[in-house]
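I opened this notebook to record what I looked up in one structure. The entries follow the order of my inspection.

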Amino acid sequence: MLSLKNRMMKKIKKIAILTGGGDCPGLNAVIRSVVRCAIHDHGWEVWGIEDGFAGLIEGRIHPLLWDNVAGILTHGGTILGTTNQTNPFLYAKKKGATVEYKDASKQAMKMFKSGQFDALVCVGGDGTLSYAKRFAKEGLPIVVIPKTIDNDVPSTERTVGFYTAVHNATEAIDKLYTTAASHHRAMVIEVMGRDAGWLAVASGLATGASIILIPEFPFDLKKICDRVVQRSSVGRRYTIIVIAEGAHLADGRKVFQRKAKDRTQPFRLGGIGQWLSLEIEKKTGIESRSVMLGHILRSGSPIYQDRILATMFGCEAVHRLATGERNMMVAWGKGELTSHPLKNIPQGIRQVPKNHPWIDACRSMGALFAEKDL
Ligand code: F6P
C-alpha cells in the first residue's frame, strides 16, 4: 500500500467527504456538487462519511453514487449527518456512566488509509478547519469547503449557509415590524452568529433596523435607551433592534443558555436579547418584547445564492484536487473563487471589520451601533 505522502502525489481515484460542525442550508448542495463533479469530470469514486470526524473514526463510510445525490440540491441540512461535539484529537468515549477522552486521530488516519482514499473533503466551519489543519500536518491530503451561517471563517469573504440565514432573518424581522408598530414597542430581535456580527449587520441593513448590536462593538445601554426614547418623542413609536447573540456590554460578559462539559465550544450563547428588552422597559418605561430567532435561521431550503456558492465551491475543490493541490481551503475573495493553503489561514474567527462598507451604510441610514465610548 502507498504511504500517505506518496498518495498525496498520486493521481486521484477515490475521495471521501464529510460535513462537520453545526448544520446549515447548502450542505447538501456541496455534497451533490462534489459527487457529481468528481464523477462527471474526473471519473472518481466518492464516499460519504457519516456525522463528521466521528464517522471517520468509527468507519461509518459508504459510497455516494450519482443517483444518491439526486434531488438534494434544494434540501436544507446534510444527508451525511453532522456533529459539533467531536474533536478527533480529544475524542469522548462513554464507559458506563463516565466519559473518557482520548486522541483518536491515529484511528481516523487508519480508516482513511484502509478505505484507499486519495483525499478528504471536509465541509465545515472554524472547528472543522482547525482539525483539518492538524490532519494535514499528519499527512492526510485534505481540502476544506467553508460553511456556517456565521460567515466567520478566516480567509474567505463568504461561507455556505450565510445568505440563507440572512434571508431567513430578514423575512422574520420584516414581519415583526407590524406588531412592533401596532403596539408601539421596542422589539429586540436576537440572531445567531456567535462572536461575529455578520448576520446581525446584514439583516439589520436589509430591514432598516434602528439599532444594531454586535460583538465587535461593546454596547452602551444608555445610548440604546436614549435612542428608543428619542424615537418615541418624535412620533416614531416603535424601534426595531437587531442584536447578535454574542453582543455584550463593555465588561465583556456574555449571556449564554447552557454550558456543556464535553464540548469543544462549551458555551451556547443565547438570551442577551431578552435581557436587553427587560432593561429597556425598566429604564425607559416603553414597552418592549424580545424574539430569539435561533435555529430557524439555519433551517429550511437554501436560497439560490447558497446553492450557487455551494456548487461552485464543490467544483472548485474537486478541480483543484485534480490539478494536484492539497491541504487548502477553497474560498471566495474579491469577487472570485480562490484557495488558501491551510497553513496560511489564521486561527480563530473572522469578525466584521469596523470599517466594513455594510457598517458604513448602516450608519449612513441613521442606524445606531451604540458603541461604548472608551
Ligand atoms: O456556528 C453556527 C451556530 O448556529 C451559531 O450561530 C450558534 O451559536 C451555534 O451554532 C448553535 O449551536 P447548537 O446548534 O449546538 O446550539
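The entries below concern the basis of the model, its domains, its ligand and its cysteines.

**Basis.** I work from a predicted model, in which local features need pLDDT of at least 70, side-chain atom pairs count only at pLDDT 80 or more, and totals for chains, interfaces and linings use all residues. Residues are numbered from 1 along each chain as its sequence is written, and side-chain values use heavy atoms, with hydrogens and water left out.

**Domains.** I looked up the domain assignment, whose bounds come from an automatic or database source. For this chain, the assignment gives domain 1 (4–160 + 302–333) and domain 2 (164–299 + 354–364). I noted 33 Å between the C-alpha centres of domain 1 and domain 2. I then looked up contacts (heavy atoms within 4.5 Å): 18 residues of domain 1 touch 18 residues of domain 2 in this sense.

**Ligand.** Where does the ligand lie with respect to domain 1 and domain 2? Both domains give residues to the shell around the ligand, so the ligand lies between them. For the shell I took residues with a heavy atom within 4 Å of the ligand. There are 12 residues around the ligand, and Asp-150, Glu-245, Arg-268, His-295 and Arg-298 come nearest. I recorded the shell as 2 nonpolar, 4 polar and 6 charged residues. In this scheme Ala, Val, Leu, Ile, Met, Phe, Trp, Tyr, Cys and Pro are nonpolar, Asp, Glu, Lys and Arg are charged, and the others, Gly among them, are polar.

I next listed N or O pairs within 3.5 Å. The side chain of His-295 places an N or O atom 2.9 Å from an oxygen atom of the ligand. For the side chain of Asn-84 the corresponding distance to a ligand oxygen is 3.0 Å. Gly-193 uses a backbone N or O atom, 3.1 Å from an oxygen atom of the ligand. The protein covers 83% of the 400 Å² of accessible area that the ligand has on its own (Shrake-Rupley method, 1.4 Å probe).

**Cysteines.** How many disulfides (cysteine sulfur atoms within 2.5 Å) does the structure hold? I found 0 disulfides. Cys-37 is in none, and its nearest cysteine sulfur, that of Cys-315, is 4.0 Å away. Cys-37 has 5% relative accessibility and therefore counts as buried (under 20% relative accessible area, 1.4 Å probe, protein chains only). Cys-122 is also in no disulfide, with the sulfur of Cys-24, the nearest, 15 Å away. Cys-122 is buried, at a relative accessible area of 0%.

Conventions
Polar contact = N/O pair within 3.5 Å; in protein donor to acceptor, adjacent residues only side chain to side chain. Disulfide = S-S within 2.5 Å. Buried < 20%, exposed > 50% of the residue type's maximum accessible area, 1.4 Å probe, protein only.
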